Amino acid sequence: MLLMATPLAAQIKLGEFSNTANGTVSSGYTADFGNQAASDHGWTVGGNTNLNGSFYNPNFLNYAISAYLNQSRANSDFQSISNSSGVSASANIFGGSKFPGAVSYSKGYDSAGNYGIPGISNYVTHGNNEDFGVSWSLNFPRKPSLSAGYQLGKNGYSVYGSNDEGSSSFHSFNAHSSYDIAGLDMTGFYSKGGSDSAIPEVISGSANTDVQSGSDGFGGGVSHKLPLEGSFSANINRSSWDTAYEGTSSTGSVDSANAFASIHPLTKLTANGSFEYDDNLAGQIIESVVSQGAAVPSGLENQSSYSIDGQVSATYIPAQYLQTTVFIERRSQLFNSQLYSENSYGGSAGFTHRLRSGNFSANVTFSGNAGAQGGEDSLGFSTNEHYSDEIAGWHIDGSFGYAQNMQTLLVTYLNSSYNFSGSVRRRLGKIGFSAGGGGSKTALTDQPGTSSSSEEYSASIGYASLITASGSYSKSNGLALATGAGLISAPVPISALPSDAFTFYGGKSYSAAVSSAPVRGLTMSAGYSKSNSNTAFTGISTVSQNEQYNAIIQYQVRKMGFTTGYARLEQGFGGSTAAPEILSSYYAGITRWFNFF
């Protein structure tokens with residue numbers, strides 16, 4: 001694209017309005033070509049603008065408006081492979097007063113997006129999006145406070161390399177109030193929302209897979225101070241849901257109550273107690289999934305279930321760097337027409353201290369779990385360590401965590417996991433080096449086929465501003481729930497849901513990049529990334545490949561700038577009726593800016 005850009009800067013004061021504005025206007029030559037769309041080239045007009053201002057006083061009213069036209073990774077900092085346009089605006093009124101408010105709006109056209117795949121490069125999409133939000137608060141002294149907000153948004157997109165389309169939309173309203181009467185703090189809330197997601201066929205395996213859901217809830221709570229520097233709180237809530245998926249529907253509600261109390265009989269000793277009751281344990285599972293925009297096969301709601309949980313604990317701090325805790329817990333649940341109960345007891349110790357010139361911290365927890373059915377027992381254990389230091393000029397940081405037989409939402413399932421991460425960096429004169437990596441794995445204990453894992457590693461090396469090179473590698477696999485925006489990790493124990501609710505995923509991705517600023521005003525960069533992944537849902541498998549290149553050179557001297565760049569995307573899906581899509585964009589241009597006052 002032959003690019004002529006004119007950033008404009010201005011300060012204008014008209015009456016009580018005070019404004020500042022800046023912007024870039026561009027026109028030039030661009031060429032786009034691909035195997036599934038007609039190639040084109042020609043002169044285009046684009047740029048971006050920003051307006052910030054206030055009326056009377058910034059605390060009375062302030063606002064910001066931004067707009068962009070024909071922006072892409074080839075001609076700007078935007079990461080869209082195609083030329084995208086849009087606008088965003090926000091305003092705040094009566095800031096710092098007893099009744100502040102805010103409103104925001106944004107809309108994008110032909111913007112790049114991603115359909116998320118956990119732990120690896122996402123599927124690249126393009127489409128339109130729109131969001132709106134408004135909030136208001138009332139905060140009068142010695143009067144009940146009130147805050148309310150409303151948000152809505154929608155996103156429609158196409159997946160490059162397939163004929164598939166997807167979408168997601170949402171709306172939500174929430175209100176909250178609090179009041180203090182003679183030291184008794186009271187709160188109340190109400191919320192209502194809904195979402196609609198169309199899952200792409202490359203994920204769902206079938207066309208027109210639509211998930212609709214709605215929810216509302218209300219509740220209240222009280223809290224008060226207790227003797228011995230203690231406190232007490234209690235809450236009651238009612239929530240309900242409704243969802244529809246592939247001709248099936250699910251509706252229900254959950255009533256819950258909880259209480260918590262804490263006292264400090266000694267400076268180093270704290271005692272706590274808690275109690276929680278939920279009248280619909282199956283409903284809790286459904287709500288956890290529905291709130292993420294995922295589908296829940298019907299049947300779970302047609303059962304009687306409940307959950308009761310009581311716990312007491314004591315924490316003692318024998319030294320500044322050491323904290324210890326002991327606890328006893330009783331859990332009872334009715335689920336799948338079976339009554340389960342479990343007694344747990346255990347303790348933990350946390351240690352934090354200087355080590356050499358760095359810091360070391362560790363936490364260890366042991367728990368014994370005794371089930372009422374058949375007298376089965378299990379021993380739970382978890383540990384987390386972290387250390388950071390500088391050794392002979394090397395800055396190091398590392399952490400590790402491991403857990404075995406830890407409690408989940410359901411008494412019948414225990415979870416085991418591990419995670420690790422580390423990084424190192426060093427500068428030797430003008431040479432800088434850094435590297436890092438990490439990984440994790442989680443699974444239900446003694447439940448084959450319930451594991452999810454991921455690993456990621458990266459490194460970079462550079463010499464002053466002359467050259468910097470970097471690379472990364474990642475891989476992941478596991479089970480996830482499909483939504484209109486991407487795959488998400490299950491928020492409940494996997495075995496609590498039918499197997500046909502999950503999408504199996506796996507894949508690897510890697511990338512490399514190099515950049516250089518050899519002389520003042522000149523910057524050059526290039527990057528490459530590639531990923532291979534596969535998904536399977538209800539026996540239908542899809543294999544995908546994504547490959548991207550991009551390069552840009554910019555040179556600026558005084559008020560003139562010269563730019564040239566290239567971007568390429570190739571994305572395809574095995575089993576799709578469409579061939580892999582290849583889309584490329586090239587430009588070369590010139591820029592100029594002005595300062596008026």
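The following dialogue introduces several features of a predicted model, one at a time.

Trainee: How should I read a pair of aromatic rings, and how many aromatic pairs are there here?

Mentor: A pair of aromatic rings is described by the distance of the centres and the angle of the planes. In this predicted model, the count comes to 15 aromatic pairs. One of them joins phenylalanine 381 and tyrosine 402, with 6.4 Å from centre to centre and 45° between the planes, a tilted arrangement. Phenylalanine 381 belongs to strand 19 (residues 377-391) and tyrosine 402 to strand 20 (residues 394-407), and the pair links parts of the chain that are 21 residues apart.

Trainee: Are the two residues of that pair, phenylalanine 381 and tyrosine 402, buried or exposed?

Mentor: The answer lies between those words. Phenylalanine 381 has a relative accessible area of 24%, and tyrosine 402 has a relative accessibility of 32%. Buried means under 20% and exposed means over 50%, so a residue in between counts as partly exposed. Phenylalanine 381 is therefore partly exposed, and tyrosine 402 is likewise partly exposed.

Trainee: What is the arrangement of tyrosine 528 and tyrosine 549?

Mentor: Tyrosine 528 and tyrosine 549 form a tilted pair, with centres 4.9 Å apart and planes at 50°. Tyrosine 528 lies in strand 27 (residues 522-537) and tyrosine 549 in strand 28 (residues 540-557), so this pair ties together parts that are 21 residues apart in sequence. Tyrosine 528 is partly exposed at 23%, and tyrosine 549 is partly exposed at 31%. Elsewhere, ring pairs link a cluster that includes Phe17, Phe55, Trp136 and Phe140.

Trainee: Which side-chain contact does glutamine 404 make?

Mentor: The side chain of glutamine 404 makes a polar contact of 2.8 Å with the side chain of tyrosine 402, the residue already met in the pair with phenylalanine 381. Glutamine 404 lies in strand 20 and is partly exposed, at 26% relative accessibility. As a further exercise in distances, compare sequence and space: glutamine 404 and glycine 471 are 67 residues apart in sequence and 34 Å apart from C-alpha to C-alpha.

Trainee: How many residues of helix 2 are buried?

Mentor: Nine of the ten residues in helix 2 (residues 281-290) are buried, which leaves the helix mostly covered. Among the buried residues are Leu281, Gln284, Glu287 and Val290. At the N-terminal end of helix 2, asparagine 280 acts as a cap, with a side-chain oxygen 3.4 Å from the backbone nitrogen of alanine 282.

Trainee: Which residues touch the most other members of the largest nonpolar core?

Mentor: That core has 23 residues, and those touching the most other members are Ile285, Val289, Phe335, Leu410, Leu481, Leu497 and Phe502. Helix 2 and strand 24 (467-482) are the elements that give two or more residues to the core. Helix 2 provides the largest share, six residues. A second, separate core has 18 residues, including Tyr115, Tyr123, Ile199 and Phe573.

Trainee: Where do nonpolar residues form a patch?

Mentor: A nonpolar patch on the surface includes Trp394, Leu428, Phe433 and Val514, and its members together have about 770 Å² of accessible area. Strand 22 (431-444) and strand 23 (452-463) each supply at least two residues of the patch. Phenylalanine 433 lies in strand 22 and is partly exposed, at 32% relative accessibility.

Trainee: Finally, how many salt bridges does the structure hold?

Mentor: Side chains of opposite charge can pair when their charged atoms come close. The structure holds five salt bridges. One of them joins glutamate 130 and lysine 154 at 3.8 Å, N to O. Glutamate 130 is in strand 7 (residues 123-138) and lysine 154 in strand 8 (residues 145-159), so the bridge ties together parts that are 24 residues apart in sequence.

Another salt bridge joins aspartate 255 and arginine 238 at 2.8 Å, N to O. Aspartate 255 lies in strand 13 (residues 248-266) and arginine 238 in strand 12 (residues 230-245), so parts 17 residues apart in sequence are tied together. Aspartate 255 is partly exposed at 26%, as is arginine 238 at 34%.

Trainee: Are arginine 568 and glutamate 570 buried or exposed?

Mentor: Both arginine 568 and glutamate 570 are buried, and their side chains meet in a salt bridge of 3.5 Å, N to O. Salt bridges that share partners also join Lys107, Glu130 and Lys154 into one network.

How values were computed:
Residues numbered from 1 in each chain as written. Predicted model: local features only at pLDDT ≥ 70, side-chain atom pairs only at ≥ 80, totals over all residues. Heavy atoms only, no water. Phe/Tyr/Trp six-rings, centres within 6.5 Å; stacked < 30°, edge-to-face > 60°. Helix = DSSP H or I, 4+ residues; strand = E, 2+ residues; numbered from the N terminus. Buried < 20%, exposed > 50% of the residue type's maximum accessible area, 1.4 Å probe, protein only. Polar contact = N/O pair within 3.5 Å; in protein donor to acceptor, adjacent residues only side chain to side chain. Core = buried A, V, L, I, M, F, W, Y, C linked by side-chain atoms within 4.5 Å. Patch = residues over 30% accessible without salt bridge, like charges linked within 9 Å, V, L, I, M, F, W, Y side chains within 5 Å. Areas by Shrake-Rupley, 256 points an atom, 1.4 Å probe, with all protein chains shown as cover. Salt bridge = Lys/Arg side-chain N within 4 Å of Asp/Glu carboxyl O.
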